[in-house]
Amino acid sequence: MKRQKTVMAIHDISCVGKCSLTVALPILSAAGIETSVLPTSLLSTHTGGFEGYTFLDLTGDLPRILAHWAKLGITFDAIYSGYLGSRAQIAMVESIFATFGQGALKMVDPVMGDNGRLYGGFSPEFPPEMLHLCTKADVLVPNFTEATLMLGVPYQEPPYTKAYVERLMDRLSEHCPGKIVLTGVMLDPDHLGAAVMEGPGGLVEYASNPIILGYYHGTGDVFASALLSALLSDKSLRDSAQIAADFTARSIALSDPQRERRYGVRFEAALPELMKALDLV
């Protein structure tokens, strides 16, 4: 029997509104991956479109959890970080990479902004700190906003030219020597997807789907979790990005148009198609 792969997923738990761990855990599990969760904070809802949410910072609990895991000798095939609420948590993930990262694929989704703006609660000093973490990553998965914030360059509205996309990826690769998957790539008004590069100086390839109009919360987490699932299923970087793009688009297409988009997309209904794409069924 093939050995089951394992992931440490470092994200917040938003109890309502599908994103972060409530997306990563079921998607990775459906892909046959044993997923251990390291929750960075606990919120009553996610922060996009909801008012009056509760927030519990779990930074102080993380060292005890990690010490217990280290004592047990637990190892991981991948470490996957998403939303980190503070510079202290960034430093903690760097320490986790050093302690648990031997032989593990380290993937960073630098969640901190969208649509050209830094999320509320983050200071201007946050993106450079996140960029430092990204230098330790084997796979980096920023959106366009996050890439420009980390590089300190102006954000441009889509659609983009391939020359602009590839120039931005080259700039990222100057800091981050691992694989890069840049999301939110729109080369024409009708398609949206990602650009991928295996490493500095590598060929840039593209994965896309016909665009579905509207803004849907949590789709970045859906994409990144499916991407990691495909990578751990031994798919190529470009194929993994296409599988993730297909799964995200299908999750949006299956969502109830009458339900408020802040509650997230119906990724659960698309899981059988993801499993088929990963050759699990």
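# Reasons behind the assignments

Reader: In the hairpin of β10 and β11, which residue takes a positive phi?

Author: Gly 201 does, with a phi near 80 degrees, in a hairpin that has six residues between the strands. The model is predicted.

Reader: What makes β10 and β11 a pair of strands?

Author: Two strands pair if DSSP finds at least two bridges between them. Seven bridges join β10 to β11, and the two strands run antiparallel; the criterion is therefore met. One of the contacts across this pair sets Ala 195 against its bridge partner in β11, Tyr 206.

Reader: How do you know that β9 and β10 pair, and in which sense?

Author: The threshold is at least two bridges, and β9 and β10 share six in the antiparallel sense, so they count as paired. Val 185 stands opposite Gly 193 of β10. These strands form a hairpin with two residues between them.

Reader: What is the order of the strands in the open sheet?

Author: The nine strands follow the order β3-β2-β1-β4-β5-β8-β9-β10-β11, with mixed pairing.

Reader: What makes β3 and β11 the edge strands?

Author: Each of them, β3 and β11 (204–210), pairs on one side only.

Reader: Why are β5 and β8 accepted as a pair, and do they run parallel or antiparallel?

Author: Strands β5 (residues 105–108) and β8 (residues 139–140) are joined by two bridges and run parallel. Since pairing requires at least two bridges, the strands qualify. Met 107 has Val 139 in β8 as its bridge partner.

Reader: How do you know that helix α8 packs on the sheet?

Author: Helix α8 (residues 237–253) touches β9 (179–188), β10 (191–197) and β11. Its direction makes about 15 degrees with that of β11.

Reader: Why is the span of α8 called close to the expected one?

Author: The expected span is 1.5 Å times one less than the number of residues. For the 17 residues of α8 the expectation is 24 Å, and the helix reaches 24 Å from its first C-alpha to its last.

Reader: What makes α8 mostly covered?

Author: Of its 17 residues, 12 are buried, which means that each of these has under 20% relative accessible area. Among them are Leu 237, Ile 243, Phe 247 and Ile 252. The cover over the buried residues includes α1 (21–30), β9, β10, β11, α7 (219–231) and α9 (271–277). Strand β10 is itself mostly covered, with five of its seven residues buried.

Reader: Why does Thr 45 count as buried?

Author: Its relative accessibility is 12%, and the cut-off is under 20%; Thr 45 therefore counts as buried. Thr 45 is found in the loop between β2 (34–43) and β3 (55–57). Not counting residues up to four places away in sequence, Thr 45 touches Ser 14, Cys 15, Val 16, Phe 50 and Tyr 53.

Reader: How many aromatic pairs are there by this rule?

Author: The count comes to eight.

Reader: Why is the aromatic pair of Phe 122 and Phe 126 called stacked?

Author: Ring centres must lie within 6.5 Å, and planes under 30 degrees apart count as stacked. Here the values are 4.1 Å centre to centre and 25 degrees between the planes, so the pair is stacked. Phe 122 is buried at 10% relative accessible area, and Phe 126 is buried at 2%.

Reader: Which residues do ring pairs link into a cluster?

Author: The cluster contains Trp 69, Phe 76 and Phe 100.

Reader: How do you know that Arg 259 lies over the face of Tyr 263?

Author: The charge must be within 6 Å of the ring centre and within 35 degrees of the ring normal. Arg 259 lies over the face of Tyr 263 at 4.5 Å from the ring centre, so the distance criterion is satisfied.

Key. Residues are numbered from 1 along each chain as its sequence is written. This is a predicted model: local features need pLDDT of at least 70, side-chain atom pairs count only at pLDDT 80 or more; totals for chains, interfaces and linings use all residues. Side-chain values use heavy atoms; hydrogens and water are left out. Helices (H or I, at least four residues) and strands (E, at least two) are DSSP runs, numbered from the N terminus. Buried means under 20% relative accessible area, exposed over 50%, partly exposed in between (1.4 Å probe, protein chains only). Contact means heavy atoms within 4.5 Å. Rings of Phe, Tyr and Trp (its six-membered ring) pair if their centres lie within 6.5 Å; planes under 30 degrees apart count as stacked, over 60 as edge-to-face and the rest as tilted. Axes are lines fitted to C-alpha atoms, for helices over the stretch in contact, and angles run from 0 to 180 degrees between N-to-C directions.
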